[in-house]
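Work through the exercises below with the sequence and the coordinates open beside you. Each task is followed by a solution that proceeds step by step.

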Amino acid sequence: MFVANDQDKSVLAADAHHKITYTCPGCGQSVILRQGQMRLSHFAHHAGADCHLFSEGETKAHLAGKTRIFNWCRQNHLAVKLEAYLPRLKQRPDILVYWHHHWTAIEFQCSPISFEKLVERTQGYRTHGYKVWWILGPTYLAHKLTLEKVSKFAYFQKSLSLFVSFYDPQNDQFFIRHHITQDLFGKLKWQDYVFNPSKKAFTELFHQGGKQKPNFKQDSYREAVLLQHQLLGRYSDARLKRVQFICYTHHLNLAGCPWIVHDQNFKLPTGKKIPLEVKIEFLLKLQLWQKQFVSYSLLATWYREVTEGNPFQLANVTRPQLNIELNFQQFVQNLLSDHVLKTVQKQYQIMVLPRWYTDITQKLRHFPD
């Protein structure tokens, strides 16, 4: 650990002296000051000491990362504390910084953590008025982005949409993977924003992030052909087979699904139930509706029904249904743009149902301009 107590004062290891006796802020036991040219100055417990708040098992990457972030905050004249022990929470964030009128706990996460533990710590901070920012270290950066990581560590900000933060202390670089979404088949997609920490870079990130527009090129024709190839493949995805079975029960060919299915990606990931299945099930509900008009609330009910049994929680997004709300609103807008629906007062009029095709050949002949 980098901080210990000298009576009532907190002292950084870099500023400490060997002649003074220091104690652990968590357990109150005496600690040893270790300083040298070949290692970072730090405090350590005596052998056999039992302290659950301040462990000595931190990796070099974790120690280097939180030290660099702390030093950057100090150099930029921000009120900041390293390893500040919060007795009411019985928690110790890596860094506590006063940023934009709020105390923010920064957790530089390099080791695995369960979803339940992360939620518990996050809610503890929020309950006591702290914001929290989870930043992932190089061990996470070295591996692919997964739905599990997005579920645990992603935040939502209007201009960045869904994003996850990484920091590489060796190169002093932040990696922000933003506008995270899924393609039709469930593969995660995102944009990368890489920068060295500076006040300007952080300001642009969080206040002018609208500049970071995604440039995903939607090739509907190619996607339709790829769907056909995957359906004919020897090792077809089990999720595709499930959607294919749903279509067969309605005497429809999945490869001949309407072109609106290939419109732009949803704003946020749908989770384990891939966007293709969500769109198909929603269109089938519209297809089976026997009336000309439909209310917004009924459309919203249909969308919630097709996403049931597919829990995709976002630990750091305070509105638990945000992904469902935004994706639904976007798909309804697509239906309006394609003139499937038309607004009439407070209802939607069904103008023409999306066309299903008998096979991929017929579908490609009717590729929209």
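**Exercise 1: a helix and its cover**

Task: compare the expected span of helix α8 (residues 275-288) with the distance between its end C-alpha atoms, and then decide how many of its residues are buried.

Solution: this is a predicted model. Helix α8 has 14 residues, and the expected span is 1.5 Å times one less than the number of residues. That gives 20 Å, and because the end C-alpha atoms of α8 are also 20 Å apart, the two values agree. Turning to cover, eleven of the 14 residues of α8 are buried, so that the helix is mostly covered. The buried set includes the charged residues E277, K279 and E281, and among its other members are P275, V278, I280 and F282.

**Exercise 2: placing one glutamine**

Task: is Q244 buried or exposed, and which residues does it contact beyond its neighbours within four places in sequence?

Solution: begin with the location, since Q244 is found in helix α7 (residues 238-249). Its relative accessible area is 17%, and because buried means under 20%, Q244 counts as buried. Once the neighbours within four places in sequence are left aside, Q244 is in contact with L231 and L254.

**Exercise 3: salt bridges**

Task: how many salt bridges does a search of the whole structure find, and what are the closest N and O distances for R121 with E107 and for R319 with E325?

Solution: the search finds eleven salt bridges. In the bridge between R121 and E107, the closest N and O atoms are 2.8 Å apart. This pair links distant parts of the chain, with R121 in helix α2 (residues 115-127) and E107 in strand β8 (residues 102-109), 14 residues apart. E107 is buried, its relative accessible area being 2%.

For R319 and E325, the closest N and O atoms are 2.2 Å apart. R319 is partly exposed at a relative accessible area of 46%, and E325 is partly exposed as well, at 29%. Elsewhere, salt bridges that share partners join K66, E83, R92 and D94 into one network. Within that network, E83 and R92 form a salt bridge whose closest N and O atoms are 3.6 Å apart, and both E83 and R92 are buried.

**Exercise 4: the whole chain**

Task: what percentage of the residues in the protein chain is buried, and how far apart are the mean positions of its positive and negative charges?

Solution: buried residues make up 51% of the 369 residues. The chain carries 46 positive and 29 negative charges, and their mean positions are 2 Å apart.

Methods: Residues are numbered from 1 along each chain as its sequence is written. This is a predicted model: local features need pLDDT of at least 70, side-chain atom pairs count only at pLDDT 80 or more; totals for chains, interfaces and linings use all residues. Side-chain values use heavy atoms; hydrogens and water are left out. Buried means under 20% relative accessible area, exposed over 50%, partly exposed in between (1.4 Å probe, protein chains only). The place of a charge is taken as NZ of Lys, CZ of Arg, CG of Asp or CD of Glu. Helices (H or I, at least four residues) and strands (E, at least two) are DSSP runs, numbered from the N terminus. Contact means heavy atoms within 4.5 Å. A salt bridge is a side-chain nitrogen of Lys or Arg within 4 Å of a carboxyl oxygen of Asp or Glu.
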